Amino acid sequence: MTPTLRRLVPPASSSNPAADALRGQVRAFLAEQLAVGAFTPSVDAWLSGWDETFTRSLARQGWLGMTVPEHYGGHGRSFHDRFVVTEELLAAGAPVAAHWIADRQIVPSLLKYGTEEQKHEYLPRIVRGECFFGIGMSEPDSGSDLASVRTRAVRADGGWAITGTKVWTSGAHRAHAFIVLARTAPVDSAHRHAGLSQFIVDFAAEGVDVRPIISMNGGHHFNEVILDGVFVPDSRVFGEIGQGWSQVTSELSFERSGPERFLSTFPLLGFALEQAAPQDVSCDVEMGRLVARIAGLHHTSMAVADALQRGEAADVSAAVVKVLGTTVEGDIADYADLRTRDESRVDSSWADLVSHAVDQRPGFTLRGGTNEVLRGVIARGLGLR
């Protein structure tokens with residue numbers, strides 16, 4: 001985050017000296033990394049910025065697996081502390097994709113549903129920046145309707161055999177494992193969410209075929225994963241058989257509520273401020289609106305993090321963050337694109353950032369559950385449907 005923009009967007013908690021000190025440490029670290037050319041700021045860096053070297057540098061700072069208890073190799077810190085770190089990384093456009101899913105989603109899920117064996121095997125490696133995960137929820141022709149999952153897991157000697165296809169699996173071509181949602185019982189039309197279970201599947205396992213999905217701009221972070229009778233031992237059953245839906249619902253609160261849902265294009269605002277003259281910034285009404293929306297989402301997302309820290313259900317509030325956040329991300333991309341068109345000469349780094357943001361814009365409101373579906377979640381949660 002540029003110094004000017006830091007003044008416009010309030011810190012996480014000005015009444016929390018410890019959080020402010022942590023935020024200062026992260027900013028100093030990022031300034032050092034930028035100074036030595038360790039990374040170039042980018043948009044959507046949590047999805048496409050895969051840099052295992054940078055991930056290991058964060059691990060050495062103690063900023064991976066921050067909420068993992070010390071007896072599992074972690075740091076025993078709060079969701080609030082983790083929020084501060086991740087927000088600064090995203091605002092700076094740092095390349096955090098390698099560890100993002102493991103740290104954001106797999107860590108709290110393992111702590112809540114994992115066996116002791118699974119916790120001891122995976123958590124220390126995630127904390128050290130040595131184990132990367134993907135998510136196996138979405139399927140072809142299913143959209144955001146996870147209840148229509150067709151991947152099946154059938155009983156085998158000592159475990160389960162999984163057959164099906166998962167799609168939009170970020171980082172599958174580089175990650176070590178992913179958590180797969182599969183049917184372990186026939187579909188019950190009266191209870192569509194019943195009969196679902198989760199499994200930890202290694203990408204190196206026999207019968208796993210990872211196929212790239214190349215974006216229109218040539219980028220490769222999405223994949224299709226085909227599972228052909230993949231054997232998964234009982235020790236890799238994740239949570240309880242038949243409880244997959246309730247587990248997934250809990251996990252999605254972590255996926256949908258974080259600052260990545262409104263900061264994917266935030267570096268564009270920083271570049272815009274750096275390029276603009278002071279008098280232009282002071283009368284840029286649209287910039288003011290965008291900063292105000294970001295500030296509001298910052299506090300809302302922080303409130304969700306605090307609720308998760310207390311162990312409270314946060315699926316509805318997480319959906320609110322996702323819907324509002326991904327909308328403002330797209331509006332920032334449009335704002336930057338219009339500025340670029342209006343300028344006869346623009347900095348090449350700025351133009352590259354804008355181009356990438358515009359390319360990614362259509363996916364903002366789709367990934368993590370479409371905003372149309374999430375509006376239904378919000379309406380039902382508020383008793384409006």
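**Chat on a predicted model: pocket, cavity and an aromatic pair**

Q: What's the make-up of residues 19-130, helix or strand?
A: Over residues 19-130 the chain is 65% helix and 0% strand. The C-alpha atoms at the two ends are 27 Å apart.

Q: Which annotation covers that stretch, 19-130?
A: UniProt gives "domain: Acyl-CoA dehydrogenase/oxidase N-terminal" for residues 19-130, from an unreviewed entry.

Q: What's the mean pLDDT?
A: This is a predicted model. Its mean pLDDT is 87, and 91% of the residues reach 70 or more.

Q: And where does pLDDT stay under 50?
A: Over residues 1-8. The model has 17 contacts beyond four places in sequence for that stretch. Where pLDDT is low, the predicted coordinates should not be read in detail.

Q: Switching to pockets. What volume does the largest one have?
A: About 980 Å³. The largest pocket is lined by 39 residues, and the closest to its centre are Trp168, Phe222, Leu366, Arg367 and Gly368.

Q: Which elements give two or more residues to that lining?
A: Four helices and two strands: H3 (45-48), H6 (97-113), H8 (244-257) and H13 (348-364), plus strands S6 (208-214) and S7 (220-233).

Q: Which gives the most?
A: H13, with 4 residues in the lining of the largest pocket.

Q: How does the pocket lining split by class?
A: The largest pocket has 16 nonpolar, 15 polar and 8 charged residues in its lining.

Q: OK, cavities. How many of 30 Å³ or more?
A: The count comes to 3. The largest cavity has a volume of about 190 Å³.

Q: Which residues are closest to the centre of the largest cavity?
A: Phe79, Arg82, Ser257, Gly258 and Ala305, out of 17 that line the largest cavity. Helices H5 (79-91), H6, H8 and H11 (285-309) each give two or more residues to that lining.

Q: And the classes in the cavity lining?
A: For the largest cavity, 8 are nonpolar, 5 polar and 4 charged.

Q: New topic: how many aromatic pairs in the whole structure?
A: The search finds 10. One of them is Phe39 with Phe54, an edge-to-face pair. The ring centres are 5.4 Å apart, with 70 degrees between the planes.

Q: What does the Phe39 and Phe54 pair tie together?
A: Phe39 is in the loop between helix H2 (17-35) and H3, and Phe54 is in helix H4 (residues 52-61), so the pair ties together parts 15 residues apart in sequence.

Conventions
Residues numbered from 1 in each chain as written. Predicted model: local features only at pLDDT ≥ 70, side-chain atom pairs only at ≥ 80, totals over all residues. Heavy atoms only, no water. pLDDT = per-residue confidence, 0-100. Contact = heavy atoms within 4.5 Å. 1 Å grid on protein atoms, 1.4 Å probe; cavity = no way out; pocket = protein on both sides within 12 Å on 5 of 7 lines; lining within 4 Å. Points joined across faces, edges and corners; volume = space filled by probe spheres on them. Nonpolar A, V, L, I, M, F, W, Y, C, P; charged D, E, K, R; others polar. UniProt positions renumbered as here; feature names shortened; annotations may be inferred. Phe/Tyr/Trp six-rings, centres within 6.5 Å; stacked < 30°, edge-to-face > 60°.
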